[in-house]
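Trainee: I should like to learn how to read a model of this kind, feature by feature. Where should such a reading begin?

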Amino acid sequence: MSEIKIPEALTQNAHAKEVLRVWIVDNKLQINVDPDGWSDPAFFGLALADVAFEIAKSKTKAWSLSAEAGQKLILDNIKTMVGDFDDA
């Protein structure tokens with residue numbers, strides 16, 4: 001199993017708390033969340049928006065998009081998927 005290295009600054013911070021891990025196993029997402037990470041569900045939305053932006057920033061050249069445009073595409077797809085869940 002491959003792991004992404006934890007940034008050194010976080011290992012030195014007593015207040016750092018992991019709230020989300022995501023893996024791809026057999027082309028399916030496996031997600032582990034600490035539901036007690038935040039008391040307000042809106043903060044998880046903030047985390048998802050930040051994750052989308054970080055992904056988009058790292059892929060700007062490959063996607064030929066700005067980080068903001070990439071983030072918007074990711075978030076638009078999240079909205080679509082949430083709509084699909086509502087229909088189920």
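Mentor: Begin with confidence, since this is a predicted model. The chain has a mean pLDDT of 88, and 95% of its residues reach 70 or more.

Trainee: Which elements of the chain have the lowest and the highest mean pLDDT?

Mentor: The general idea is that where pLDDT is low, the predicted coordinates should not be read in detail. In this chain, the lowest mean among the elements belongs to helix α4, residues 67–87, at 86. The highest, 93, belongs to strand β2, residues 28–33.

Trainee: How many helices and strands does the chain have, and what pattern does it follow along the sequence?

Mentor: There are four helices and two strands. Read along the sequence, they give the pattern α-β-β-α-α-α.

Trainee: What radius of gyration does the chain have, set against a compact globule of 88 residues?

Mentor: A compact globule of that length would have a radius of gyration near 12 Å, whereas this chain has 15 Å. The C-alpha trace spans about 40 × 35 × 30 Å along its principal axes. Two further values belong beside these. Of the 88 residues, 9% count as buried, the cut-off being under 20% relative accessible area. Among contacts between residues at least 6 apart in sequence, 2% join residues at least 24 apart.

Trainee: What area does the chain expose, and what share of it do carbon and sulfur atoms supply?

Mentor: The exposed area is about 7600 Å², of which carbon and sulfur atoms supply 59%. Within that topic, a nonpolar surface patch deserves attention. The patch covers about 1100 Å² and is made by L20, V22, I24, L29, I31, V33, L48, V51, I55, W63, L65 and L73. The elements that give two or more residues to the patch are β1 (20–25), β2 and α2 (41–58).

Trainee: Are V22 and L73 buried, partly exposed or exposed?

Mentor: Apply the cut-offs: exposed means over 50% relative accessible area, and partly exposed lies between that value and the 20% limit for buried residues. V22, in strand β1, counts as partly exposed because its relative accessibility is 45%. L73, in helix α4, counts as exposed because its relative accessibility is 52%.

Trainee: How far is the C-alpha atom of L73 from that of A47?

Mentor: The two C-alpha atoms are separated by 16 Å, and the residues are 26 apart along the chain.

Trainee: Let us turn to the backbone. Which sign of phi does D26 have, and which does N27 have?

Mentor: As a general idea, most residues other than glycine have a negative phi. Here D26 has a positive phi of about 50° although it is not a glycine. N27 likewise is not a glycine and has a positive phi, of about 60°.

Trainee: Where are D26 and N27 placed, and why does each count as exposed?

Mentor: D26 lies in the loop between β1 and β2, and N27 is also placed in that loop. D26 counts as exposed because its relative accessibility is 72%. N27 is exposed because its relative accessible area is 77%. As for spacing, the C-alpha atoms of N27 and G70 are separated by 22 Å, these residues being 43 apart along the chain.

Methods:
Residues are numbered from 1 along each chain as its sequence is written. This is a predicted model: local features need pLDDT of at least 70, side-chain atom pairs count only at pLDDT 80 or more; totals for chains, interfaces and linings use all residues. Side-chain values use heavy atoms; hydrogens and water are left out. pLDDT is the predictor's confidence in each residue, from 0 to 100. Patches are made of residues with over 30% relative accessible area and no salt bridge: like charges are joined within 9 Å, nonpolar side chains (Val, Leu, Ile, Met, Phe, Trp, Tyr) within 5 Å. Accessible areas come from the Shrake-Rupley method with a 1.4 Å probe; for residues, only the protein chains shown count as cover. A salt bridge is a side-chain nitrogen of Lys or Arg within 4 Å of a carboxyl oxygen of Asp or Glu. Buried means under 20% relative accessible area, exposed over 50%, partly exposed in between (1.4 Å probe, protein chains only). The radius of gyration is taken over C-alpha atoms; the globule rule is 2.2 Å times the number of residues to the power 0.38. Contact means heavy atoms within 4.5 Å.
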